[in-house]
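Please work through the exercises below with the sequence and the model open beside you, and try each task before reading its solution.

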Amino acid sequence: SCAKGCGAKEVCYKPENCMCFLGFEGCPSTTYNVTSGKKRFAGKQFNWEEKSDNHEKERQFNWVEKNDNRLDERRHHISNQINWDEKSDIKGAARRNQFNWQEKDATRRNQFNWQEKDVERRDQFNWQEKDDPINNWVEKDGNKLNTRRNFEDEPIANWIEKSKSTRRISKRSTSTTCPVALPQQASANCTAQRQVELATNRAIFKFRATPNFDDPDRDLDVLLAPLWDTDPQTAFGVGFSDSFEAPWLNSYFFILGTNGQLVQTYLNIGNNSVREFSSISDWRELFFFFYMFHVVIYVDAANGTWPDGRPVVGAINQPDNYKRCLTARFSPFGLKYRYTYCSRRQLKILCQKGANIHGVKISTLKSVLNPTFKWRKAIQSKLASTSPYYSNRFTDAIQDGRVYVSEFPELREIRSSPDVEEIPNDGRTMIPLTSPIAIFVSNPDVNNGEFLPVAIQINSTQNSPVYTPEDGDNWIIAKLAVQSAAFTLAELVEHLLYTHMVNDPLCLSGKRNLPIAHPMSQLIRQHCRGTLTTNKVGELSLLPAGGRVDRILTVGYRGQNDVINNAFNKFSFNMHDPNYRLKKAGLLDKQALPFHPYRDDGLELYKAIGEFIRDYVNLYYANDAAVVQDHEIQGWANEIALGATGTADSGKGKIRDFPKSFTTRAQVIDVLHKFVWSSSCQHAAVNYPVIEYASFLPNMPGKFYKVENITGFNPVRFPTKTQSL
């Protein structure tokens with residue numbers, strides 16, 4: 001609790017949540033200023049002790065310490081690192097109207113005012129940052145459409161600014177005279193409205209034509225996933241013209257802009273702009289600088305502590321703890337990062353006679369394991385069950401399903417790429433990408449049966465070295481190899497491909513075939529909100545040559561394209577079912593593996609989603625015949641499913657194991673169940689933990705370097721400050 005109340009000037013909507021943080025007092029996010037009746041700007045979620053009422057509107061943030069500029073240790077290195085006093089570089093109202101969040105009607109005071117003042121929507125979002133060189137939202141020459149795809153040369157915000165003159169409105173609002181209904185139940189007038197809406201949308205939302213994987217002449221650097229075929233200017237114009245999409249997009253781009261400002265602010269502190277990182281403490285300070293801002297502003301971590309009361313500075317991800325265990329916690333919420341599918345899933349190792357059980361066979365592993373390493377002995381040494389129900393013999397442990405492997409076959413035999421961040425003659429050479437193999441055991445009656453690492457083979461070749469926890473620096477380097485490989489696949493496959501790219505066709509076809517008045521559209525659109533435009537941002541910033549992936553990950557531009565395309569070629573829509581994936585991996589056995597929060601919590605959530613979807617679908621479809629008669633839902637499936645035929649757009653979504661048509665309510669329920677899971681819970685599992693687990697770079701580096709005259713583990717082998725930022 002706060003030492004004193006928030007005060008009359010900034011009264012919390014929920015006063016019981018008043019909080020103190022870094023010596024300041026204020027309210028958590030999504031707070032409400034009862035004095036002025038306005039929703040507060042995200043950065044003003046705390047009363048940062050403005051010196052006088054006259055200065056209140058002069059400061060966007062006031063994080064200036066009143067006493068001195070010395071670094072107070074109890075503020076964990078960051079309270080004086082941010083100087084948000086914007087008097088010197090922002091004059092008058094230059095940024096006062098960055099967002100038009102002024103509510104015009106007291107009855108809507110809890111909502112953002114996205115009211116259009118004119119058809120141009122010029123006040124929906126004031127991008128004209130006259131004195132802000134950080135974001136440079138102003139396009140200097142609106143007459144020239146710069147088609148460069150390099151994010152560094154063409155900021156996303158410039159595409160947004162260009163889109164303002166060419167915004168095209170997608171007809172997603174339904175007439176009050178047309179209720180939500182199946183097409184066979186719509187009146188003649190409403191049927192006509194639906195047809196006009198879909199005709200308009202089909203002119204805007206088109207599938208990109210992509211080559212087939214087995215085409216011998218295909219360009220290997222063309223992604224195979226059929227995303228929305230449009231230019232950035234149109235994509236952003238359509239998004240911001242849609243009253244349903246615009247609020248989300250504004251929030252999304254606000255966060256991007258905020259991160260850009262944080263980078264510049266960090267560089268302006270002390271000598272950060274000129275010094276290079278050389279010790280773990282450098283990455284520690286960078287981690288807390290960004291992380292604490294996001295925790296306070298976006299996560300509401302009261303008092304700088306985790307929910308169990310421990311201070312954030314005592315969290316397991318502190319630099320002095322990250323070396324301890326390959327399966328280190330990603331947060332103190334009782335979960336393990338490796339169990340969330342952010343990293344690579346574990347696979348149960350099977351003896352040959354267990355061929356009918358899911359997992360990976362010993363015979364398969366033997367083809368890639370180093371035959372000179374004593375694998376049986378190493379595994380035996382970690383079997384430590386004290387229960388009479390579990391044997392600590394190697395063969396029994398295999399039979400009981402207590403031995404697991406993490407491997408990364410997606411990283412084998414892909415093209416290499418040069419290090420675009422290489423500095424000539426600096427004595428640093430990027431270590432090539434490897435496909436490591438890590439072996440674990442579970443002792444069900446010890447430490448909740450958590451995975452215990454046994455050994456790591458650096459690469460998937462039989463002459464590759466193998467290290468164990470007794471190998472000092474080599475063990476640390478081996479763990480970093482696994483972490484780097486896991487991070488690469490987590491971001492490129494589990495996150496980008498499986499929750500963004502493969503859902504793009506579902507959202508795209510939804511726009512083309514399901515009018516707003518269709519009951520399934522009412523559900524689908526909630527889980528497609530922002531997807532198409534966000535994917536366009538990814539294309540512009542993450543994936544081009546010289547883009548974020550090329551700069552951050554060893555896999556590089558060519559390797560990323562191989563990884564994504566190979567995974568897309570093997571993707572099945574069934575992989576949106578966590579039961580399917582966990583069963584294939586052999587991880588459903590709670591007796592052999594009692595601790596697996598992704599499985600235990602995830603399947604409960606998946607079940608709850610399924611029950612809701614079932615009730616919702618059955619509310620509108622009285623029987624299977626109603627599904628067959630619904631030509632709009634049939635058109636949606638026909639465009640998405642790989643191999644579907646009948647129209648010029650049939651099968652353009654290229655999603656394997658998606659039904660080409662629906663004949664039963666059960667099929668509709670199954671498809672929507674998987675889709676809603678993938679775009680909600682699964683996306684949360686593969687995305688959100690990254691801020692805690694991967695933003696401390698030494699824990700999960702995208703690259704690792706060989707440095708002249710340096711052997712063993714040394715922080716100077718991590719990426720540079722620029723790469724880290």
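The exercises that follow concern disulfides and salt bridges in this predicted model.

**Exercise 1.** Determine how Cys178 and Cys190 are joined, and say whether the disulfide is left-handed or right-handed.

*Solution.* Begin with the distance between the sulfur atoms of Cys178 and Cys190, which is 2.1 Å. A disulfide requires two cysteine sulfur atoms within 2.5 Å, and Cys178 and Cys190 do form one. Next, place the two residues in the chain: Cys178 sits in the loop between α1 (156-163) and α2 (188-204), while Cys190 belongs to helix α2, and the two are 12 residues apart. Then turn to the torsion about the S-S bond of Cys178 and Cys190, which is about -105°, so the disulfide is left-handed. Finally, check the surroundings, where both Cys178 and Cys190 turn out to be buried.

**Exercise 2.** Find which helices are linked by the disulfide of Cys507 and Cys528, and decide whether Cys528 is buried or exposed.

*Solution.* First confirm the bond, in which the sulfur atoms of Cys507 and Cys528 lie 2.1 Å apart. The pair links distant parts of the chain, since Cys507 is in helix α10 (residues 504-513) and Cys528 is in helix α11 (residues 519-528), 21 residues apart. For the burial step, recall that buried means under 20% relative accessible area. Cys528 has a relative accessible area of 9% and is therefore buried, and Cys507, at 3%, counts as buried as well.

**Exercise 3.** Work out which parts of the chain are tied together by the salt bridge of Glu494 and Arg581.

*Solution.* Start from a general idea: side chains of opposite charge can pair when their charged atoms come close. Here the side chains of Glu494 and Arg581 meet at 2.8 Å, N to O, in a salt bridge. Because Glu494 lies in helix α9 (residues 473-501) and Arg581 in helix α15 (residues 578-585), the pair ties together parts that are 87 residues apart in sequence. Both Glu494 and Arg581 are buried.

**Exercise 4.** Describe where Lys674 and Asp670 lie, and say whether Asp670 is buried or partly exposed.

*Solution.* The closest N and O atoms of Lys674 and Asp670 are 3.0 Å apart, and the two residues form a salt bridge. Both lie in helix α19 (residues 665-687), four residues apart, which is about one turn of the helix. As the last step, compare the accessible areas with the cut-offs: Lys674, with a relative accessible area of 6%, is buried, whereas Asp670, with 33%, is partly exposed.

Terms used
Residues numbered from 1 in each chain as written. Predicted model: local features only at pLDDT ≥ 70, side-chain atom pairs only at ≥ 80, totals over all residues. Heavy atoms only, no water. Buried < 20%, exposed > 50% of the residue type's maximum accessible area, 1.4 Å probe, protein only. Salt bridge = Lys/Arg side-chain N within 4 Å of Asp/Glu carboxyl O.
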